[in-house]
Amino acid sequence: MSHETQIKGERTFFIIKPDAVQRGLVGEITKRFERIGLKLVAVKTAVATPEHVEAHYTLDPEWKRITGEKTIAGYKKKGMTPPSEDPLEITDAVLKGLKVYMTSGPIVCMVWEGPHAVKIVRKIVGGTEPLTSDVGTIRGDYVIDSYQMADADNRAVRNLVHASGSVKEAENEIKHWFKPEEIIDYKLIQEQVMYAPEIEGVFGK
Ligand code: CMP
């Protein structure tokens, strides 16, 4: 596969979490990826088990440390004291809450494909904490929550969606949630308009 084809065929894994499903945001969220030109190559509803959720979040052995560090930094940036200085201790509590949150109702799992799919989806999703995620992003536009509120109630931050953080993470997560035959290879006519090297005959003339 050429480098170009690899870029165009990049895939990312995405979850519409139980709070977003309950709030009737499946259409709103999906629309954002469709309108930027990404291609939906797999989709299904599911009710996850706690084991599957834990395995998902610990696919990356670094996830616990990174999530803990991000949380500590989030507190300090706001001039607040984090509940612990130990990233792993923080993440253990987060994981407990996540298992409750992510198994509390149906979720929608998706695979989106297109150039730079991982980065594009993360840009549209916004930062993890809705309080600080940018206006215009999914988490910035449709929800209010913060680490502070979540920690006070011993629960996970309700941030509507999950999106893979890197190409490698996406590969692992896609394998964790989908069988190969559930992912469909197909072409969209608009790919010609967006990426065809030669535009002769593509734009209608
Ligand atoms: P997600 O993108 O699915 O990745 C990990 C999830 O853990 C994150 O979204 C939030 O739902 C949750 N989360 C991350 N950090 C914290 C935290 N400090 N407190 C509570 N929940 C968190």
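I will talk about the salt bridges in this predicted model, and then about one pair of packed helices.

The structure holds 15 salt bridges, and I would like to begin with those that involve Glu113. The side chain of Glu113 meets that of Arg11 in a salt bridge, at 2.9 Å from N to O, and this pair links distant parts of the chain, since Glu113 lies in strand 3, residues 107-113, and Arg11 in strand 1, residues 11-16, 102 residues apart. Glu113 has a relative accessibility of 9% and therefore counts as buried, whereas Arg11, with a relative accessible area of 25%, is partly exposed.

Glu113 also meets the side chain of Lys39, here at 3.5 Å from N to O; Lys39 sits in strand 2, residues 39-46, and is 74 residues away from Glu113, and both Lys39 and Glu113 are buried. Arg11, Lys39 and Glu113 belong to a network of salt bridges that also includes Asp185 and Glu191.

A further salt bridge joins the side chains of Lys78 and Glu129, at 2.9 Å, and it connects the loop between helix 5 and helix 6, where Lys78 is found, with the loop between helix 7 and helix 8, which holds Glu129. Lys78 is partly exposed at 32%, while Glu129, at 4%, counts as buried.

Turning to the helices, the axes of helix 4, residues 50-57, and helix 10, residues 167-177, come within 10 Å and cross at roughly 165 degrees, so the two are roughly antiparallel to each other, and their crossing is right-handed. The contact is made by His52, Ala55 and His56 of helix 4 together with Glu173, His176 and Trp177 of helix 10, which by class gives two nonpolar, three polar and one charged residues.

Conventions
Residues are numbered from 1 along each chain as its sequence is written. This is a predicted model: local features need pLDDT of at least 70, side-chain atom pairs count only at pLDDT 80 or more; totals for chains, interfaces and linings use all residues. Side-chain values use heavy atoms; hydrogens and water are left out. Axes are lines fitted to C-alpha atoms, for helices over the stretch in contact, and angles run from 0 to 180 degrees between N-to-C directions. Helices (H or I, at least four residues) and strands (E, at least two) are DSSP runs, numbered from the N terminus. Angles under 35 degrees count as roughly parallel, over 145 as roughly antiparallel, 65 to 115 as roughly perpendicular and the rest as oblique. A crossing is left-handed if the near helix is turned anticlockwise from the far one by less than a right angle, and right-handed if clockwise. Contact means heavy atoms within 4.5 Å. Ala, Val, Leu, Ile, Met, Phe, Trp, Tyr, Cys and Pro count as nonpolar, Asp, Glu, Lys and Arg as charged, and the others, Gly among them, as polar. A salt bridge is a side-chain nitrogen of Lys or Arg within 4 Å of a carboxyl oxygen of Asp or Glu. Buried means under 20% relative accessible area, exposed over 50%, partly exposed in between (1.4 Å probe, protein chains only).
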